[in-house]
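User: I am new to this structure and would be grateful for a close look at one part of it. Please describe the surroundings of the ligand, and then follow one of the elements found there.

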Amino acid sequence: MKNSYTKPNLKTKYFEDLFNSLPSMENKSVAITGTTSGLGFYAAESAAKLGARVLLLNRPSDRAETSYALLNDNCSNGELHKVDCDLQSFESVKSASIKVSEICTDGLDVLCNNAGVMALKDKATIDGFDVQMQTNHLSHFLLTKLCMPLLDKASQLRNEARIVNHSSIARTQAKKLKEKFFEKKGGSLGGDKGSMIFGTGRWERYAQTKLANAAFTACLHEKLKNKNSKIRAMVAHPGLAESDLQSTTVEDGGLSSLFTKYMMKFGQSEKDGTLGLLRCIADPKINSGSIVGPGLKGAKGKAKSFPLESFYDNDETKNLLWTKSCEAISENFEI
Ligand SMILES: NC(=O)c1ccc[n+]([C@@H]2O[C@H](COP(=O)([O-])OP(=O)(O)OC[C@H]3O[C@@H](n4cnc5c(N)ncnc54)[C@H](OP(=O)(O)O)[C@@H]3O)[C@@H](O)[C@H]2O)c1
């Protein structure tokens, strides 16, 4: 049952100070995946309150409707657009990108690849890939490719644009990307069991996706820099933040509610978990090629900026990530 785990309701400490330090985002368009709850919700709300036009890319559901209504209530002067986008389906991502281009005729300033699922059962998507790898990385890879002309346009018109990916401390557990997780082998990639501590089974699949988010950022940073592009690529990690991520995993049998309740005492609130994402979206001081979070492995605290790490920012990992991701989406992605 989704409600078998109750969030500890941790106190927000740093969010307001960061939000108040950020510049206006008027005349900018920001597209964010996964805004029905958690960190994506607060990132969307913040961008709208800063004056941006915000595109909410979610799979159709009651949660999508309720959160859209709440965001409209909370951001009375905001310009919010709902865009249907189910990251478990490449077709849905393609349709979403068309809708984004219809709304953002003057370019897209920020693409925030936030949505994610954690340590779910060993299941294949409609396209045949692991449900976690397609949701967390492969569909975002495709979305980024399809939005690149819009990002390019914004960067020409307004001197910069940003691609923001969302990783996790779990990236450090994976250490090295493995090809099989990018292949049409969903449902036969380690089974439904697994340990968070040892990074096995369903947790290995999660860690691979979060390492992929960081490696994708390293690839984008390198390719965009080589082209003298004004598009910046950066990656956030939230530490440990109470959101619906843990509830969904508990519901799917990937975490016990008792252990989760104990673990979350060491975490931070949803709003403070949004600090890294928000700095990547809106803080002028964040450069391309940065990872932003509460320390590189910290669970909570102010979000600081660090250079990308060598365990994924290396030729072997970047080549694997790009080649296998292009193979999965059956398209080339030229920058
Ligand atoms: N919270 C943490 O401690 C933590 C730690 C490390 C990394 N992260 C990362 O932070 C990101 C946001 O997670 P969160 O903590 O905010 O969790 P959350 O509250 O569960 O939010 C996840 C979002 O992703 C969306 N999503 C899931 N599957 C989708 C699909 N197939 N298509 C479109 N959207 C989909 C969910 O929408 P639905 O309503 O449709 O399910 C929801 O809006 C994730 O990438 C996660 O890996 C979080």
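Analyst: A residue is taken to be near a molecule if its C-beta atom, placed from the backbone, lies within 6 Å of it. The model is a predicted one. In it, the ligand is surrounded by 34 residues, and Gly34, Gly38, Gly116, Ser168 and Ser243 are the closest. Two or more residues of this shell come from each of helix H2 (38–49), helix H5 (131–158) and helix H8 (244–251). Sorted by class, the shell holds 20 polar, 10 nonpolar and 4 charged residues.

Of these elements, H5 may be followed further. H5 packs with helix H7, which covers residues 202–226; their axes are 8 Å apart and form an angle of about 15 degrees. Because angles under 35 degrees count as roughly parallel, H5 is described as roughly parallel to H7. The two helices, H5 and H7, cross in a left-handed manner. On the side of H5, the contact is made by Gln132, Met133, Asn136, His137 and Phe141. H7 contributes Arg205, Tyr206, Gln208, Thr209, Ala212, Asn213 and Phe216. By class, the residues of this contact between H5 and H7 comprise 6 polar, 5 nonpolar and 1 charged.

A residue in a loop may be added to this account. Ser61 lies in the loop between strand S2 (53–58) and helix H3 (62–74). Ser61 counts as exposed because it has 12 C-beta neighbours inside 10 Å, and a residue with 12 or fewer is classed in that way. Ser61 is 25 residues from Thr36 in sequence, while the C-alpha atoms of Ser61 and Thr36 are 9.2 Å apart in space.

Definitions and conventions: Residues are numbered from 1 along each chain as its sequence is written. This is a predicted model: local features need pLDDT of at least 70, side-chain atom pairs count only at pLDDT 80 or more; totals for chains, interfaces and linings use all residues. Helices (H or I, at least four residues) and strands (E, at least two) are DSSP runs, numbered from the N terminus. Ala, Val, Leu, Ile, Met, Phe, Trp, Tyr, Cys and Pro count as nonpolar, Asp, Glu, Lys and Arg as charged, and the others, Gly among them, as polar. Axes are lines fitted to C-alpha atoms, for helices over the stretch in contact, and angles run from 0 to 180 degrees between N-to-C directions. Angles under 35 degrees count as roughly parallel, over 145 as roughly antiparallel, 65 to 115 as roughly perpendicular and the rest as oblique. A crossing is left-handed if the near helix is turned anticlockwise from the far one by less than a right angle, and right-handed if clockwise. Two residues are in contact if their C-beta atoms, placed from the backbone, lie within 7 Å. A residue is buried if 20 or more other C-beta atoms lie within 10 Å of its own, exposed if 12 or fewer, and partly exposed in between; C-beta atoms are placed from the backbone.
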